[in-house]
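Work through the following exercises with the sequence and the model at hand. Each task is followed by a solution in steps.

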Amino acid sequence: MVDKLAVLFSGRVSGVLGLTPKHQIRAPAASTPNGSSGLVLNLKKLNSLHLTELLFRTPAFSSLGSIRNNRVNERLIGKRLMVSKMAEHEGTSVTSDATSGNMVFEPILGEGIFRFDCSAADRNAAFPSLSFVNPKDRETPIIKSDKLPSYTPTFECVLKQQIVTVELPRGTSFYGTGEVSGPLERTGKRVFTWNTDAWGYGTGTTSLYQSHPWVLAVLPNGESLGILADTTRRCEIDLRKESTLKLISPSSYPIITFGPFTSPIDVLTSLSHAVGTVFMPPKWSLGYQQCRWSYDSDARVREIANTFREKAIPCDVIWMDIDYMDGFRCFTFDKERFPDPKSLVKDLHRSGFKAIWMLDPGIKSEEGYFVYDSGSDRDIWSRARLWWANLVKDFIPNGVDGIWNDMNEPAVFKAVTKTMPESNIHKGDADLGGCQNHFHYHNVYGMLMARSTYDGMKLANEDKRPFVLTRAGFIGSQRYAATWTGDNLSTWEHLHMSISMVLQLGLSGQPLSGPDIGGFAGNATPKLFGRWMGVGAMFPFCRGHSEMDTIDHEPWSFGEECEEVCRLALKRRYRLLPHIYTLFYLAHTRGIPVAAPTFFADPKDPLLRTNENSFMLGPLLVYASTLPDQGADQLAHTLPKGIWLSFDFDDSHPDLPAFYLQGGSIIPFGPPYQHVGEANLTDDLSLLVALDEHGKAKGVLFEDNGDGYEYTKGGYLLTTYVAELESSVVNVRVSKTEGAWERPRRRLHVQLLLGKGAVVDAWGTDGEVLQIVMPSEEEMSNLVSESKKKYKTRMENVKHIPNLEKVSGDKGVELSKTPVELKNGEWALKVVPWIGGRIISMEHLPSGTQWLHSRVDVNGYEEYSGTEYRSAGCTEEYTVINRDLEQAGEAESLRLEGDIGGGLAFERQIYIREDNPKVFQIESSIVARKVGAGSGGFSRLVCLRVHPTFTLLHPTESFISFFSVDGSKQEIWPDSSEQLYEGDRRPNGEWMLVDKCLGFSLVNRFNVSKVYKCLIHWGTGTVNLELWSEERPVSRQSPLRISHEYEVRRIS
C-alpha cells in the first residue's frame, strides 16, 4: 500500500538510522520450523523508525561452511548421478571444477520427476529446499528407476552465476513464472524473482510481490514439461529466445523437472507432490469480500454491512485495514473508532458477515506497549515463531475470522531498494540454509510470515480452518495462505491483465488468488467497475478493494445500472459456489488448478494458447470482454474443439461474461444466497448437464460442513453424477459416492442443455434416477428459437452502464481515457495528454524492459516550468496537435501542447526515427503564446525542467555513469544523496542509467549547450535524471528548448 512506512527490525545486531530511542520499532524475524518467524512492519504516518537486522535463528544454528561440509561428508551421491543418454558426454559426471556442460541428474519423488545439478559436488553444496513440502524428498533419489529425462539442461558458470539453459522443440509455449504482469504466453519476456512492493505496476514490470522460479512449457504436441529452479535467491527467468528457457541465479542450485506428461494438468499435479497443495479454504472465504483502505470506524463498517443486505447484494466478508489499530500498534484497537471489536463482530456475524483484520506485523519499539514488552522481556526477536503464533492466538477471540498480511516482501519505505539491506545477517536454522545474508532469505520472508500467522490461527481454534491472505510469497505459499495481485490500477489495461495474472498464479501452484476488483489505485468509471465485477465474480478469490483518497468503490457507488450488474454478477458466483467449492476440494486433494487457461481444454490447439479473454473453472468456460466499447455479446468467442453449450441464469448482460459448458460435463449449482451461512443441506440441488457426442456426461459435487477438519476423517460426501442418453431418454443418477455422510433428503433439479441457451428442466429426488425425455427435432427447434428470442429481448431491454469518460472524485483523475501509443520494433511509448502530457510507459521491446516508473496521474516522464518541485506543466491538460506516421526520417511522431498559464505553453515533439529505430527523441520547449504588451513581450521567469522518473529494477546493482565536461568520470550509486551538477561538472552531453543485473544501460544524450544543470534524485526504487535549462523570461522570439534522446545499450 502506498503511504505506508514498512520497516524491518529485530535481532541483537542493529543499525540505527539516526533515530531517537523513543521512535524505535522492532519486528520479529522470519519463520523457521524450530521457532523463528519472519515478519515485517507496515505502518502509516510514523515519522521516525528504527531499522535493525532481521535474524532467522533458533538456539542451535550452524554457519554455512559447517553446514556444507557436514552435508558433503554425510552423503556423497556422485555414484548415483547419471547423465542422460542425450547428453554430449554420455556416462560422465561434470566435476565441481567444470564451468559448463550437461547437468547430471537423479530421479526423485515420483515417475517423471528429475533433479539436475551441475555436478555431484554442486548437489551436495546446494542449500536446503524451502519450496518442497518435505525437503527430504528433493534429497532422496529413487533407487529403482531406469527412466531417463527427455530433456537435459546445460549449464555455464560465470562470475559465480549459474546459467542454466533448456532447449525445447520449436513451437513450445511458455507459461507460469508466478505472479507476473503482461501477457499470458510468456515467450519474449524476462522475469526476475525478487519480491518487490510494486505499487502501480505495469505490463513490463519484471518483479512483483511473489517469487515463483517456475516455468510450465507446453510442447507443440500438447505434452507439457515443468521446470523449477529450486533457489530462494534472485533468479532471472529469460524466455526471450523462442522455445528456449534460460535461468540465471547465484551458484549452486538444482533444477527440478516434471515430465513431459500428457497434459499441463498432469504437470501441475506432479508439481503439487513436491511443493504441496492449497490449504482447504473455509467455504465462507469463497464468497464476495468487501475491503477499503480504510473503513475507519465501527460505525462505517456497520453502514457498509447494512447496505449490502438492504440492497440484496451478496457478500460474506468485510475487511479492516490498518486504521483500526491504536496508533498503528499491532494487536490493538483504536479506543475511539473501534471501542468494542467483539460487539462489532457479533453484529456482523448476526448479519452473516465474517471479519478479517490486517496484521502487518511490525512491532513498535515502545516501552509500555504489551507486545514490545513481552518480546523484549524474553529477547524473543531472534526466535519469534511461537511467540508470534501465540500473539495471533490471543488476538483471535476479539472477533477475528481471518488475517491479512500485507507489505511482507519485506517492504521498507524510504529505502532506495524498497527492502532491508541485502547485507543484513539472518541466523537461520540449518534446515533453512544456516547463517546467511538477506539476499538468501528475502524471497521466502512473506511465505514464512504467512505460515506463522496460519499456525497461530490453528492454535486459537483447531476446529476451524485458518484463512490468511498474504501479499508476498514464494512457490509453496499456497499451503498457508491465499493471495491477491497487489496494488493494481483502475484501468482497462489492468482489468484485462487481471485474468492472465490469476491464471499464471494457478499455473504456478497457487490457485486461490484474485485482483482488487475495480482497481486499488485511482478512480474506476461505472463501466470499468461493472465489467470488472462481472469477470471478478468468477475468480477463485473475489474481493473489491481501493485505496484512500479515491472515490467510493462499493458495488452501489457507480449508479443504479452498475449496481444491478454487480448484483447479477455476485448472484452468479453464489449460484456456482457448490461447483467452485468442489474445485477447491479437488485442488486441495489432487493439486489441479481452480481457474485454468482455455487451452487446457485442447493443449494441442495453438490458437487457444494466447487467449486472454476466457478461462475455465473445471469444464465451465467463462468468456469476458475487457474492451470498454465492446460487451461480451459483441466479442468473437474462440471456443475449443468439441461441444460447448451456452447457458445463463436468465441474467445475460453485455457487461457480464458468457458461459459455456463442455460436452460430457455435469456441474452443480444452487440458489443465489446473500451469504454462505444461509445455505442448508436440504435446499434444492441443481445440476447443469451437457452431453458429449456419445450422449454421456459426468460430474462431481463435494459437500461437508464448510469449515473444520471433519472431512479429513470421513465427514463429507463426494458424489459422482452421470447422465446417459438411452433411446430418447436421458437417465441422470448417482454412480459413486465417497465419505461417511448420508445423502440429505432434498429435491434435485436438472437442466439439460440443448445449445443456443435452450434447456429442458426436470425435477426429482437426489439419489434416485431422474429420467428426462429428449424433445423431438421440431420441439428442439422451437426451444432454441424461443431461447434466442428471449435472449434478444433481454439484451435489448437491459439498462446499460453509462460510458462516462470522466470521474469526479478526490483525485479528479480521468483513468478511463486511452493513452496515445507510439511503437516500432525497438520502443513502445504511451502518452496521456489529459494529465500533464506525461509519458507513462517507455518499454524497450528487445530487452523486455520497462524503464519508467509511473501511473497515469503521477511520475513517468514529466516536464516542469520552474525550479520548484512541481511547477506548472505536470498536471495541465495537453492537446495532441499532430500525429504523423512514416514521415521523412521518422517512423512515428507525436506533437503535444499544453497551456501553463501567463501566456505560456509547453510544446513537446516525440520522434521514433526510421533511420535509427534504436533511438527515440524528445524536443521540449516553453514558448510564448499570448504574453501581453505591458510586459514588453516577455514572460515571467521560467526554467524548463525535464523530469523523468525511472524505475530501479535492481537497486543495489544500478548506478549513474557519465564523463563530466571537465573530463572526469563519475559513478553515482543509490546510497548517495541528491546531486546537482552544473558548470564543468555537468555530464558532457551523455549520461546513462546502468543496471548490471540486466546487462543494459539506458543512455540519455542531450545538447549540453542548452542544459545548464543536471540533477540526480534517488527515490524508493526510483531515480530522477533531470535536465534543466537556464532560468529566464521567454518571448515569441526566444523560447526555451531542450532536445534529447534515449537509447538502450548492452553493457559488457
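Helices (H or I, at least four residues) and strands (E, at least two) are DSSP runs, numbered from the N terminus. The chain has 15 helices and 62 strands. This is a predicted model, in which local features need pLDDT of at least 70 and side-chain atom pairs count only at pLDDT 80 or more, while totals for chains, interfaces and linings use all residues. Residues are numbered from 1 along each chain as its sequence is written, and side-chain values use heavy atoms, with hydrogens and water left out.

**Exercise 1. The chain as a whole**

Task: State what percentage of the residues in the chain is buried, and what percentage of contacts between residues at least 6 apart in sequence joins residues at least 24 apart.

Solution. Step 1: buried means under 20% relative accessible area, exposed over 50%, and partly exposed in between (1.4 Å probe, protein chains only). Of the 1052 residues in the chain, 64% are buried.
Step 2: contact means heavy atoms within 4.5 Å. Among contacts between residues at least 6 apart in sequence, 70% join residues at least 24 apart.

**Exercise 2. Helix 4 and serine 270**

Task: Describe helix 4, and decide whether serine 270 is buried or exposed.

Solution. Step 1: helix 4 spans residues 264-275, and serine 270 lies in it.
Step 2: the expected span of a helix is 1.5 Å times one less than its number of residues. Helix 4 has twelve residues and covers 16 Å from its first C-alpha to its last, close to the expected 16 Å.
Step 3: the relative accessible area of serine 270 is 6%, so this residue is buried. Apart from neighbours within four places in sequence, serine 270 is in contact with Ile113, Phe258 and Phe261.
Step 4: the buried residues of helix 4 also include Pro264, Val267, Leu268 and Leu271. Their cover includes strand 6 (113-117), strand 16 (255-261) and helix 11 (492-506).
Step 5: after helix 4 comes glycine 276, which has a positive phi near 90°.

**Exercise 3. Strand 6 and its partners**

Task: Find which way the residues of strand 6 point, and how many bridges join strand 6 to strand 5 and to strand 16.

Solution. Step 1: five of the five residues of strand 6 are buried, so the strand is largely enclosed by the rest of the structure. Ile113, Arg115 and Asp117 point one way, and Phe114 and Phe116 the other way.
Step 2: two strands pair if DSSP finds at least two bridges between them. Strand 5 (residues 104-107) runs antiparallel to strand 6 and is joined to it by four bridges, with proline 107 opposite phenylalanine 114.
Step 3: strands 5 and 6 form a hairpin with five residues between them, and leucine 109 in the turn has a positive phi of about 65°.
Step 4: strand 16 is also antiparallel to strand 6, through four bridges. Threonine 257 in strand 16 is the bridge partner of phenylalanine 114.

**Exercise 4. A six-stranded sheet**

Task: Give the order of the strands in the open sheet of six strands, and explain why one side of strand 4 and of strand 10 is left without a neighbour.

Solution. Step 1: the order is 4-7-8-15-14-10, with antiparallel pairing.
Step 2: strand 4 (100-102) and strand 10 (190-193) stand at the edges with a single partner strand each, so one side of each has no neighbour in the sheet.
Step 3: ignoring direction, neighbouring strands of this sheet are turned by 15° against each other on average.
Step 4: strand 4 pairs with strand 7 (residues 154-158) over three bridges, and glycine 101 has phenylalanine 155 as its bridge partner in strand 7.

**Exercise 5. Two helix pairs**

Task: Classify the angle between helix 13 and helix 14 and that between helix 5 and helix 6.

Solution. Step 1: axes are lines fitted to C-alpha atoms, for helices over the stretch in contact, and angles run from 0 to 180 degrees between N-to-C directions. Angles under 35 degrees count as roughly parallel, over 145 as roughly antiparallel, 65 to 115 as roughly perpendicular and the rest as oblique.
Step 2: the axes of helix 13 (residues 560-575) and helix 14 (residues 577-590) come within 5 Å and cross at roughly 55°. The two helices are therefore oblique to each other. Their contact is made by Arg573, Tyr574 and Arg575 of helix 13 and Leu577, Pro578 and Ile580 of helix 14.
Step 3: helix 5 (residues 298-310) and helix 6 (residues 341-350) pack at about 0°, with axes 11 Å apart. Helix 5 is therefore roughly parallel to helix 6. Asp298, Val301, Arg302 and Ala305 of helix 5 meet Ser343, Leu344, Asp347 and Leu348 of helix 6 in this contact.
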